[in-house]
Amino acid sequence: MMLGHFPFRSNLFCRCALVAALGLAACSSTPTVGENPYKLKNDTLDRAETKYGPEARKRLSSWQDLLGAGPKGDEVARLNAVNNFFNERMIFAPDRQVWGVEDYWATPVEFLGRGAGDCEDFAIAKYFSLLALGVPESKLRITYVQATGYGPANLAHMVLTYYPTPSAVPLVLDNLIPDIKPASKRPDLTPVYGFNGQGLWLAKDRSSGNAAPRQNKIGLWDQLKARQGREFE
């Protein structure tokens, strides 16, 4: 669906639009810090290996090792560990190639199982991984942006942003570049909206000083959360 860090193709456009974000209501619960809230059972790993192949089990086991280690270092250290984990292991590919549909938001298990996904899959996997490592949900937003400089037109793209304080310039975790940078150092990205399990914020809300979230009504987020819940039953 979205542009990645592999060679650009003009058809890798984000199919999600702001109007889609105002569809079906969705919600999320924050994992309890401590034991890995996304610990996979052996039969889940067996099913993943059967469905996706032996490399899928290795990727998922490595993810379990990352989360099982628990919170280590300050929050920025955890951001770097998670950002590097996914950017170094996962391949960018559009939804049509990976899932055979125009738009699909994969759970981290599905993403790691396939070994490939588009930019919202990177952002979502980083989001849930950081929650599991104790980063507060209030500091994280999956953010829809317009990216410039990657083709003849602005591209719809998705990143994960981290706010050390509510009024701070956020740090951007992106699959386009390996380094985490402040948003002020990413003039190629123009935010449109951001969301987490607590709600949704339009970019204009932040610029106007409105810190109250709007209702999160992203239908694809709802579907992802339902599938994710079944993965840990």
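How many residues does helix H8 have, and how far does it reach from its first C-alpha to its last? In this predicted model, helix H8 covers residues 219–231 and has 13 residues. Its reach is 19 Å, close to the 18 Å expected at 1.5 Å a residue. Several residues of H8 are buried: Gly219, Trp221, Leu224, Lys225, Arg227, Gln228 and Glu231. Both helices and strands take part in covering them. The cover includes helix H1 (42–52), helix H5 (108–114) and H6. It also includes strand S3 (140–147) and strand S7 (189–196).

The protein as a whole gives the setting for this helix. It has eight helices and eight strands. Of its 233 residues, 51% count as buried. Contacts were also sorted by separation along the chain. Among those between residues at least 6 apart in sequence, 63% join residues at least 24 apart.

The largest nonpolar core holds 53 residues. Four of them touch the most other members: Trp63, Phe86, Ile142 and Trp221. Helix H6 (residues 119–132) supplies the largest share of this core, with ten residues. A second core is separate and has five residues, including Val145, Ala147, Val159 and Val172. Trp221, named above for the largest core, is also one of the buried residues of H8.

Helix H6 also carries a charged residue, Lys126. Is Lys126 buried or exposed? Lys126 is buried, yet it has no salt bridge. The nearest side chain of opposite charge belongs to Asp174, 6.3 Å away. A salt bridge requires the charged atoms to be within 4 Å. The side chain of Lys126 does make a polar contact, at 3.0 Å, with the side chain of Asn87. Other residues surround this position. With neighbours within four places in sequence left aside, Lys126 is in contact with Val82, Asn83, Phe86 and Asn87, among others. The list also includes Leu160, Leu173, Asp174 and Asn175. Phe86 thus appears twice: it is in contact with Lys126, and it belongs to the largest nonpolar core.

Arg214 lies outside the helices, in the loop between helix H7 (203–207) and H8. Why does Arg214 count as partly exposed? The reason is its relative accessibility of 37%, because partly exposed covers values between 20% and 50%. Arg214 can also be placed relative to Trp201. The two residues are 13 apart in sequence. In space, they are 5.9 Å apart, C-alpha to C-alpha.

Definitions and conventions: Residues numbered from 1 in each chain as written. Predicted model: local features only at pLDDT ≥ 70, side-chain atom pairs only at ≥ 80, totals over all residues. Heavy atoms only, no water. Core = buried A, V, L, I, M, F, W, Y, C linked by side-chain atoms within 4.5 Å. Buried < 20%, exposed > 50% of the residue type's maximum accessible area, 1.4 Å probe, protein only. Helix = DSSP H or I, 4+ residues; strand = E, 2+ residues; numbered from the N terminus. Lys, Arg positive; Asp, Glu negative; His and termini not counted. Polar contact = N/O pair within 3.5 Å; in protein donor to acceptor, adjacent residues only side chain to side chain. Contact = heavy atoms within 4.5 Å. Expected span 1.5 Å × (residues − 1).
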